[in-house]
Amino acid sequence: MTTTTDTASVADLERLKVLHNGSKSKLTFSDAEMERRLTGLRAIMAEKELDAVVLTSFHNIKYYSDFLFTYFGRSYAMVVTADDSVTVTANIDAGMPWRTSYGENIVYTDWRRDNYLYAIQEGLRQRGIAAPRRLGVEDDSLPLENRNKIQAAFSSASLVDISQAAMRQRMIKSGEEIEVIKHSARIGDLGGEAIKAAITEGISEYEVALIGTEAMVHEIAKTFPDQEVRDTWVWFQSGINTDGAHNWATTRKVRKGDILSLNCFPMPSGYYTALERTLFYGEPDQASLDLWNVNVEVHKRGIELIKPGAVCKDIAAELNEIYFEHGLFSNRTFGYGHSFGVLSHYYGREAGLELREDIDTVLEPGMVVSMEPMITVLEGQPGAGGYREHDICVVGESGSEDITKFPFGPEHNIIPA
């Protein structure tokens, strides 16, 4: 039963807090790197004549503050002005967001429904922008309901999309980012080795996935001892479950003759990379071997084509011709590759850098892109299953570096049954 005293005590509770609990943690990147990123965002703000930006996505809050939030039904933000920035986080996280982010932090409580918006308003007011004229937002990931609420909170402001410009900035990786990505690719290779060693008759997909995940998590903790350990996973598929690239592990058990798909996704500090390989448990039949070799041919040629000056759609067009020659073009299931950086299966796609027929982006030094051709042959047809390989390439001044070292193809990945 609520009493008058109880109601008054709730009304008196703080709407916002500053929780400098403990001391700042070592971030993934240097202060100079974080300032480089914010300088790039402020250049976008100047170009679009914005008073401030309110970031709301996983990827941009992470990119510009190094803080990766956990949603769980609560909204998060980062307010960036011409000379300052502040993250807006939920009280349930207490002091952790401040400890693990670059810059200042405002905590909002649950005691009033509109405290999140109030925190954004206060973050701007404290920085001398109580009534912005033009405010940057992320239309590619901002729910319409939240966009309408932000508009109502700043009724005199024009909301301007900055998502595409920010994406273009993220597409070019710094030296510090590439170092993290290289470690991530190395850790993916270790997960692949652990998985390959674990494959045996009767082991289930999810058991193999756990083994690969554990190997990568231990190495991430060793390599990045000051960072959160989170979000790493494995998709290990067998038989018909190989038909889709994003099929989660099941309780299906590995059997002799199975086509297998190994997919490792290490996530050090929000920087996902991927290792994907086709394997067979026991000798494949001739139809399977032929299909596998075609996909390997496409994969090898694709890696050769990744270099500065290459156009995404031209790479896709040339690789399409190989599939056409073998009558397998209709068996393709997705594009040939995409950008890597601040990325996971629930945030961060840099859609302007994908190796697809409708993307005319020119590859530049500092871009990091995958080569990952896949074909699927449906059940009942010769060689049924999904065939794919996946390497990560860092574009340099004159070519690219393939930072994935786990071997691919029939000469390496047929496991004796």
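## Two open sheets and two pockets

Strand 2 (residues 52–55) and strand 6 (residues 134–137) run parallel and pair over two bridges. That pairing is a handy way into this predicted model, where strands 2 and 6 belong to an open seven-stranded sheet with the order 1-5-4-3-2-6-7. Another open sheet has four strands, in the order 8-9-10-16. Both the sheets and the pockets are worth a tour, so to speak, and the points below take them by topic.

**Around strand 6**

- Val53 has Gly136 of strand 6 as its bridge partner.
- Gly136 also stands opposite Val160 in strand 7, so this glycine is a good place to centre your view.
- Strand 6 and strand 7 (residues 158–161) run parallel and are joined by four bridges.
- Between these two strands the chain passes through helix 6, making a right-handed β-α-β crossover.

**The seven-stranded sheet**

- Pairing in the sheet with the order 1-5-4-3-2-6-7 is mixed.
- Which strands form its edges? They are strand 1 (16–17) and strand 7, each of which pairs on one side only.
- Strand 1 is antiparallel to strand 5 (residues 104–108), and two bridges link them.
- Within that pair, Lys17 has Val107 of strand 5 as its bridge partner.

**Helices on the seven-stranded sheet**

- Helix 5 packs on the sheet and touches strand 1, strand 2, strand 3, strand 4, strand 5 and strand 6.
- The direction of helix 5 makes about 150 degrees with that of strand 5.
- Helix 2 (residues 31–47) lies across strand 2, strand 3 (77–80) and strand 4 (85–90).
- Relative to strand 3, helix 2 runs at about 70 degrees.

**The four-stranded sheet**

- The sheet with the order 8-9-10-16 has mixed pairing too.
- Why is one side of strand 8 and of strand 16 left without a neighbour in the sheet? Strand 8 (233–238) and strand 16 (414–415) stand at the edges and have a single partner strand each, so one side of each has no neighbour there.
- Strand 8 runs antiparallel to strand 9 (residues 259–265), with six bridges joining them.
- Across this pair, Gln237 stands opposite Ser261 in strand 9.

**Helices on the four-stranded sheet**

- Helix 9 (residues 205–223) lies across strand 8 and strand 9, and runs at about 150 degrees to strand 8.
- Helix 10 (residues 286–305) packs on the sheet, where it touches strand 10 (275–281) and strand 16.
- The direction of helix 10 makes about 160 degrees with that of strand 10.

**The largest pocket**

- The largest pocket holds about 690 Å³ of space.
- Its lining has 27 residues, and those nearest its centre are Tyr71, Gly73, Arg74, Ser75 and Asn146.
- Helix 3 (58–65), helix 5 (115–125) and helix 6 (144–153) are the elements that give two or more residues to this lining.
- Which element gives the largest share of the lining? Helix 6 does, with four residues.
- By class, the lining of the largest pocket has 11 nonpolar, nine polar and seven charged residues.
- Two of these helices have already come up: helix 5 packs on the seven-stranded sheet, and helix 6 lies on the path from strand 6 to strand 7.

**The second largest pocket**

- The volume of the second largest pocket is about 340 Å³.
- It is lined by 20 residues, with His246, Tyr272, His338, Arg349 and Glu372 closest to its centre.
- This lining divides into eight nonpolar, seven polar and five charged residues.

How values were computed. Residues are numbered from 1 along each chain as its sequence is written. This is a predicted model: local features need pLDDT of at least 70, side-chain atom pairs count only at pLDDT 80 or more; totals for chains, interfaces and linings use all residues. Side-chain values use heavy atoms; hydrogens and water are left out. On a 1 Å grid over the protein atoms alone, a cavity is a set of points where a 1.4 Å probe fits but cannot get out, and a pocket is an open set with protein on both sides within 12 Å along at least five of seven lines; lining residues have an atom within 4 Å of a point. Grid points are joined across faces, edges and corners, and a volume is the space filled by probe spheres set on the points. Ala, Val, Leu, Ile, Met, Phe, Trp, Tyr, Cys and Pro count as nonpolar, Asp, Glu, Lys and Arg as charged, and the others, Gly among them, as polar. Two strands pair if DSSP finds at least two bridges between them. A crossover is right-handed if, with the strands pointing away from the viewer, the path from the first strand over the helix to the second runs clockwise. Contact means heavy atoms within 4.5 Å. Axes are lines fitted to C-alpha atoms, for helices over the stretch in contact, and angles run from 0 to 180 degrees between N-to-C directions.
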